[in-house]
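Let's take a look at a protein chain together. Have the sequence and the 3D view open while you read.

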Amino acid sequence: MSVRQVDTLVVGATFTGIGLIGELQRQNRPSLLIEREITLGHEFTYAYKPGVNWELETERHQAVKMLRDKLKRRNVLTSEGRVHLSGITPILYQLTRDQELPVRLLTEVVSVEHAGSGYKIVLYDGSGMSELVANRIIDTSSEKLTGPVRMHTGRKRIGALLHAKKNEHGSVSALASSAFGGSSEFHEDRLSFKRGRFESEGYISIPLAADDDWITARKKIHQFWANRPAELEGWSLATVADQFDYAPKRGPHEIDRNWYWMPSAAYANPLLAMDEGMEWGKENGAI
């Protein structure tokens, strides 16, 4: 097996992970980001988790402010915080490519063990097994994909994308427009609803038990939809998320020496998650 040495291994191509690897690269610190799936930022975009507080614009880093501006120019985000999640995905891929970030997708962590002052990590991808030696590990995944220590992932939900029904003129129906009093979002224990960037777009999520698997979760959301409240009668269920919506406590949580869990899903929205990754990298770039 080939062995590669890096300063920091970032686990999870989350918004926090991408912000962190970008900052480490700007500091010329040899690092690598690995992701078990083929998608970027899935803790928000593929979980249909639109987030909150987009309108506050509290990002500290110029790169994140520029990303916000780009989302607005591309008609993906409004000043009021209404977002078209699917439109973020290609922009995130473009950012990763343009900055030439060291990202490996479809790569799984097989094992981690101590090796001197750092860690030896065995990875698996389409080329087979490989070994990596890292001085530090930062796990930004929602479910904590590394480490033996059990940590609570917080509340768990499943989301879905909604499509507003049209009237005979092809416009969004009055029933859909007036849902929940026409407000842009509605939250209670049983249901969270938020309108998307476009009038025909909405997002919902419902709570799950911590041990619910995907079969159970999808059954629950379809049962909910079959008995949905009257406010949602003007909407149709377009598609169900393929990532759970978690809300873990903000990190970093120490797993071991120079090994942390910093879940991206803990932050209010993708821009804040990326900003936090960059800030942590700025303050803790050197070990």
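What follows goes from the whole chain to one pair of helices.

## The chain as a whole

Keep in mind that this is a predicted model. The chain's secondary structure adds up to 6 helices and 14 strands. Along the principal axes, the C-alpha atoms fit a box of roughly 65 × 40 × 30 Å.

How does the radius of gyration fit with a compact globule? For 287 residues, such a globule would come out near 19 Å, and the chain has 20 Å, so the two agree.

## Inside and outside

Of the 287 residues, 54% count as buried. On the outside, the chain exposes about 13100 Å², and carbon and sulfur atoms supply 49% of that area.

Now for who touches whom. Take the contacts with a separation of 6 or more: 67% of them come from residues 24 or more positions apart.

## Two helices that meet

When two helices pack, you describe them by the angle between their axes and by how far apart those axes are. Here, helix H1 (residues 15-26) packs with helix H6 (residues 270-284) at an angle of about 35°, and their axes are 7 Å apart. The crossing of H1 past H6 is right-handed.

Which residues make up this contact? On the H1 side you'll find Phe 15, Thr 16, Ile 18, Gly 19, Leu 20, Glu 23 and Arg 26. Their partners in H6 are Pro 270, Ala 273, Met 274, Gly 277, Met 278, Trp 280, Gly 281 and Lys 282. Sorted by type, the residues of this H1 and H6 contact split into 8 nonpolar, 4 polar and 3 charged.

Terms used. Residues are numbered from 1 along each chain as its sequence is written. This is a predicted model: local features need pLDDT of at least 70, side-chain atom pairs count only at pLDDT 80 or more; totals for chains, interfaces and linings use all residues. Side-chain values use heavy atoms; hydrogens and water are left out. Axes are lines fitted to C-alpha atoms, for helices over the stretch in contact, and angles run from 0 to 180 degrees between N-to-C directions. Helices (H or I, at least four residues) and strands (E, at least two) are DSSP runs, numbered from the N terminus. A crossing is left-handed if the near helix is turned anticlockwise from the far one by less than a right angle, and right-handed if clockwise. Contact means heavy atoms within 4.5 Å. Ala, Val, Leu, Ile, Met, Phe, Trp, Tyr, Cys and Pro count as nonpolar, Asp, Glu, Lys and Arg as charged, and the others, Gly among them, as polar. The radius of gyration is taken over C-alpha atoms; the globule rule is 2.2 Å times the number of residues to the power 0.38. Buried means under 20% relative accessible area, exposed over 50%, partly exposed in between (1.4 Å probe, protein chains only). Accessible areas come from the Shrake-Rupley method with a 1.4 Å probe; for residues, only the protein chains shown count as cover.
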